[in-house]
Amino acid sequence: ETKWSLMEKEKRPGTIGKDLRTALGLPEGKLPPWCYKFKELGMPPSYPGYKVAGINWDISNLRGDVYGTLGTKLKTQRESEL
Amino acid sequence: MDGSSTVPANTVYVGNVDPKVSKELLYELFLQIGPVAKIRYPKDKVLQTHQGFAFVEFNSPQDAEYASKCLNNTVRLYDRTLKVRKANGASSSP
């Protein structure tokens with residue numbers, strides 16, 4: 001179970017690593033397929049501040065492994081910019 | 001009190017999983033749409049390979065419901081389309 005706590009630390013919503021990207025066959029610069037579902041269904045219920053590029057966040061935020069962020073993180077980023 | 005038994009209403013069944021898919025990969029994928037509490041991803045005792053299905057447990061029935069709507073027939077892992085549906089006790093339907 002050490003592996004599980006490591007995963008909890010390392011993985012975060014809005015970011016997909018190389019292995020998952022490979023399994024999905026998803027090229028960089030493309031949105032993961034579930035993002036289009038967010039449009040249809042609304043955002044995930046447990047991530048109230050979730051920002052996803054091309055959905056409710058500027059598409060230019062789609063960079064490298066990151067396509068989205070949880071609101072809390074975005075807030076601190078914004079605050080430091082101001 | 002928080003025992004190891006899974007809560008069916010919080011759990012989704014994931015089918016058509018390619019054996020190359022690791023538990024870690026499932027975690028990373030399902031985390032994208034909700035916090036993952038637990039994953040059961042059984043292996044064949046003799047062959048030590050995954051058997052093509054998993055159970056992913058969330059913190060709430062709402063998350064499980066959302067996951068089944070959001071990820072069923074949406075995602076292909078190693079060219080196999082994932083089937084995601086609420087586990088919810090009733091294992092066999094007519």
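In this predicted model, B:Asp79 and B:Arg76 pair through their side chains in a salt bridge, 3.8 Å from N to O. B:Asp79 is exposed, at 60% relative accessible area. B:Arg76 is partly exposed, at 42%.

**Salt bridges**

The count over all chains is seven salt bridges. Two of them cross the interface of chain A and chain B. The table gives three of the seven pairs.

| Salt bridge | Closest N to O | Relative accessible area |
|---|---|---|
| B:Asp79 and B:Arg76 | 3.8 Å | B:Asp79 60%, B:Arg76 42% |
| B:Lys69 and B:Glu65 | 3.8 Å | B:Lys69 45%, B:Glu65 32% |
| A:Lys11 and B:Glu24 | 3.7 Å | A:Lys11 18%, B:Glu24 26% |

B:Lys69 and B:Glu65 both sit in helix α2 of chain B. Four residues separate them, about one turn of the helix. Both ends are partly exposed: B:Lys69 at 45%, B:Glu65 at 32%.

Where does the bridge between A:Lys11 and B:Glu24 run? It crosses between chains. A:Lys11 lies in the loop between α1 and α2 of chain A, and B:Glu24 lies in helix α1 (residues 23-31) of chain B. Is A:Lys11 buried or exposed? A:Lys11 is buried, because its relative accessible area is 18%, under the 20% cut-off. B:Glu24, at 26%, counts as partly exposed. A:Lys11 also belongs to a network of salt bridges that links A:Lys11, B:Glu24 and B:Glu28. In general, side chains of opposite charge can pair when their charged atoms come close.

**The interface of chain A and chain B**

The contact set holds 28 residues of chain A and 26 residues of chain B. About 2,300 Å² is buried between the two chains. Carbon and sulfur atoms give 66% of that area. On the chain A side, A:Trp4, A:Lys11 and A:Ala23 lose the most area to chain B. Together they account for 25% of what that side buries. A:Lys11 thus appears twice: in this trio and in the salt bridge to B:Glu24.

Polar contacts cross the interface too. Eleven residue pairs are found, with both residues at pLDDT 80 or more. Three helices of chain A, α1 (2-10), α2 (18-24) and α3 (34-41), each supply at least two residues of the side that touches chain B. By class, that side has 17 nonpolar, five polar and six charged residues.

**Two threonines**

A:Thr15 is in the loop between α1 and α2 of chain A. A:Lys11 is in that loop as well. What does A:Thr15 touch? Leaving aside residues up to four places away in sequence, A:Thr15 touches A:Asp65, A:Val66 and A:Tyr67 in chain A, and B:Glu28 and B:Gln32 in chain B. A:Thr15 and A:Val66 are 51 residues apart in sequence, but 4.5 Å apart in space, C-alpha to C-alpha. B:Glu28 is a member of the salt-bridge network with A:Lys11 and B:Glu24.

B:Thr74 is in the loop between α2 (61-71) and β4 (76-77) of chain B. B:Thr74 is buried, at 15% relative accessible area. Its side chain reaches the backbone oxygen of B:Cys70 at 2.7 Å. Not counting residues up to four places away in sequence, B:Thr74 touches A:Pro33, A:Trp34 and A:Lys37.

**Cysteines**

How many disulfides are there over all chains? The count is zero. A:Cys35 is in no disulfide, and its nearest cysteine sulfur is that of B:Cys70, 8.3 Å away. Why is B:Cys70 unbonded? Its closest cysteine sulfur, in A:Cys35, is too far for a bond at 8.3 Å, because a disulfide needs the sulfur atoms within 2.5 Å. Both cysteines are buried: A:Cys35 at 0% relative accessibility, and B:Cys70 at 0%.

**The two chains**

Chain A has four helices and two strands. Along the sequence they follow the pattern α-α-α-β-β-α. Of its 82 residues, 34% count as buried. Among contacts in chain A with a separation of 6 or more, 37% come from residues 24 or more positions apart.

Chain B has two helices and six strands. From the N terminus on, they run β-α-β-β-α-β-β-β. Of its 94 residues, 43% count as buried. Among contacts in chain B between residues at least 6 apart in sequence, 64% join residues at least 24 apart.

Terms used:
Residues numbered from 1 in each chain as written. Chains lettered and ligands numbered in written order. Predicted model: local features only at pLDDT ≥ 70, side-chain atom pairs only at ≥ 80, totals over all residues. Heavy atoms only, no water. Contact = heavy atoms within 4.5 Å. Buried area = accessible area lost by both parts, 1.4 Å probe. Salt bridge = Lys/Arg side-chain N within 4 Å of Asp/Glu carboxyl O. Polar contact = N/O pair within 3.5 Å; in protein donor to acceptor, adjacent residues only side chain to side chain. Nonpolar A, V, L, I, M, F, W, Y, C, P; charged D, E, K, R; others polar. Buried < 20%, exposed > 50% of the residue type's maximum accessible area, 1.4 Å probe, protein only.
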